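Q: Could you take me through one part of this model up close, starting from a pair of aromatic residues and working outwards into the strands around them? Keep it relaxed, but stay with the details.

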Amino acid sequence: MPQGDSPMTLSPPMSDAVPRYRGPTRYLKALPSHAAQWPETHQHLRAGDKVSRAARKLGSKDWPRRDVIFISDAHADAEAFIASLVASGGVRLTSRDNLVLTSRGKRSVFVIGGDCLDKGPSNLELLEALRTLMRSGARLKLLAGNHDMRLMLALMRLSHDDSARTDHLFVRMGAKGLALLKEVFDHYLADRPRAMKSIPSRSECRRRLYPGPDWAEQFRLSASHVLKGEALEKEITRLSAKADGFEHACVKHGLSLRQTYAAALKAHELFLKPGGRFAWFFDEMRLAYRSGAFLHVHAGVDDAFARRLSRQKVSQVNQEFRRILREDPFTFYYGELANVLRTKYRKSDMVLSAAGVKRLHKVGIRAVMHGHVNHQAGQQLGWRHGLLHIEGDVTLDRNSRRKEGLDGVGMGATLIEACGRIVGISNDHPEIKVYAP
């Protein structure tokens, strides 16, 4: 605990943690209606990471000035995203399906934790809902997720000169990004017979979308400064497998390779061209958002990021993120900043050590709120070298829920309340979880 801070001495009543849900009855019936202390079984210390009870305390100055509503990993399930807004108590869904801010929503900051896109079934509808929320007057911070960035880099490939550093980025997107391209094709191109006239032959589309025959050899030369040995060969093998199965994946999504190319060009216009209908989406994106002692990112942090935060403000890091992403997508994707989007604290990920956590503590960061690793029974708390991690991916999208045997529409939100309380709401846990250190 930083010197001069003191533990919270007053805890608000537990009953206050239950949001006033305002939406369709089918959502309200599925959401928990009473609150309980955060279960010990949903709080995890990692092996060898001993944290005293005192270290778990958060000082009165650590909490954000405004409540934060965190929703993450909707993965193109618009209904799950909207239902999660209802679950937060920050939005009322009217009988005409309009999103209206509640009094809680007006005084809160909405942090969308990334991975809005991919998988499907409703990428475009989710984007429209997000835009509606922004236009409602909500204070909204949009974080970059690894799936969002992978799609952006794939589209950027279409406007970059041929280079082994970027030639593979479209195919690198893989099958999950095809759900969006199918939606774009159906919505913008399918009913326009002339739309395909300017699209070249299948073999030419393949040449424009795939890396060339000598790509692997050239990639070894150009990527050797960021990828070494086994990691470099693993990336080449992964790309080869994706390339082999890519056209088959297109067909499974109902697209020929020519239609895929046409949809990709249209998506490039919609997302990356100034004035494009969804250009705001990537323009609004940031790598991190800080509120009080809480750092919000998509996946997690590591020593390199902690070192960066020890000398830069979060706003400066976000400026650097936007610059490098636009100017050098290769360096971004394989560099340290992208680890913030995809770490799962595996051995293959960049390390977060006790020294890294110490750096974060020195600049006042004591907790990380993130998504990326989905849970089946609501939010989880974890400590890594004394740094609190609030894991807020509660399996919202229907594709993941189907694979994991979860019923119904995914709904969930995590609240970081200015009064000194963390609240986890999920329709996959019977009680609202409350952590008030």
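A: Let's start with Trp63 and Phe294: Trp63 is buried, and Phe294 is buried too. Keep in mind that this is a predicted model. The chain has an average pLDDT of 92, with 95% of the residues scoring at least 70. Residues 1-10 are a stretch to treat separately: their pLDDT is below 50, and beyond near neighbours in sequence they have 20 contacts in the model.

Back to the rings. The model has 14 aromatic pairs by the ring-pair rule. In the one formed by Trp63 and Phe294, the ring centres are 5.1 Å apart and the planes meet at 45°, so this pair counts as tilted. Trp63 sits in the loop between helix 2 (53-56) and strand 3, while Phe294 belongs to strand 10 (residues 294-296), so the pair ties together parts that are 231 residues apart in sequence.

Other aromatic residues are worth a glance before we move on. Trp215, Phe219, Phe330, Tyr333 and Tyr334 are linked into a cluster by ring pairs. Tyr333 also has a charged neighbour, with Arg342 over the face of its ring at 4.8 Å from the centre. A similar arrangement turns up at Tyr27, where Arg26 lies over the face at 4.6 Å from the ring centre.

Now follow the chain from the loop that holds Trp63 into strand 3, which covers residues 67-71. Strand 3 is part of an open sheet of eight strands, ordered 1-16-15-14-3-6-7-8, with mixed pairing. At its edges are strand 1 (35-37) and strand 8 (285-286), each of which pairs on one side only.

Read that order outwards from strand 3 and you come to strand 6. The two run parallel and are joined by five bridges; one of the matched pairs is Phe70 with Val111 in strand 6. Strand 6 (residues 108-112) is mostly covered, with five of its five residues buried. In a regular strand, side chains alternate between the two faces of the sheet. Here Ser108, Phe110 and Ile112 are on one side, Val109 and Val111 are on the other, and all of them are buried, so both faces of the strand are covered.

Strand 6 also pairs with strand 7 (residues 139-143), again in the parallel sense, over four bridges. Across that pairing, Phe110 stands opposite Leu140. Helix 5 (residues 123-135) completes the picture, making a right-handed β-α-β unit with strand 6 and strand 7.

Go the other way in the sheet order and you meet strand 14 and then strand 15. Strand 14 (residues 412-417) and strand 15 (residues 421-426) are antiparallel to each other and share six bridges. Gly412 has Ser426 as its bridge partner there.

Phe70 gives us a route to another group of strands, as it is one of the contacts of His370. His370 is in strand 11 (residues 367-370), and its relative accessibility is 3%, so it counts as buried. Leaving aside neighbours within four places in sequence, the contacts of His370 also include Val297, His298, Ala299 and Gly300, plus His389, Ile390, Glu391, Gly392 and Asp393.

Several of those contacts lead to strand 13 (387-391), which runs parallel to strand 11 and is joined to it by four bridges. Val368 is matched with His389 in that pairing. Strand 13 is mostly covered as well: five of its five residues are buried. Leu387, His389 and Glu391 point one way, whereas Leu388 and Ile390 point the other way.

Strand 13 has another partner in strand 12, running antiparallel and joined by five bridges, with Leu381 opposite Ile390. Strands 12 and 13 form a hairpin with two residues between them, and His385 in the turn has a positive phi of about 55°. Gly386 is in the loop between those strands. At 13% relative accessibility, Gly386 falls under the 20% cut-off, so it counts as buried. Its C-alpha atom is 9.1 Å from that of Ala367, which is 19 residues away along the chain.

Note on methods:
Residues numbered from 1 in each chain as written. Predicted model: local features only at pLDDT ≥ 70, side-chain atom pairs only at ≥ 80, totals over all residues. Heavy atoms only, no water. pLDDT = per-residue confidence, 0-100. Contact = heavy atoms within 4.5 Å. Buried < 20%, exposed > 50% of the residue type's maximum accessible area, 1.4 Å probe, protein only. Pairing = 2+ DSSP bridges. Right-handed = clockwise from strand over helix to strand, strands pointing away. Phe/Tyr/Trp six-rings, centres within 6.5 Å; stacked < 30°, edge-to-face > 60°. Lys NZ or Arg CZ within 6 Å of the ring centre and 35° of its normal.
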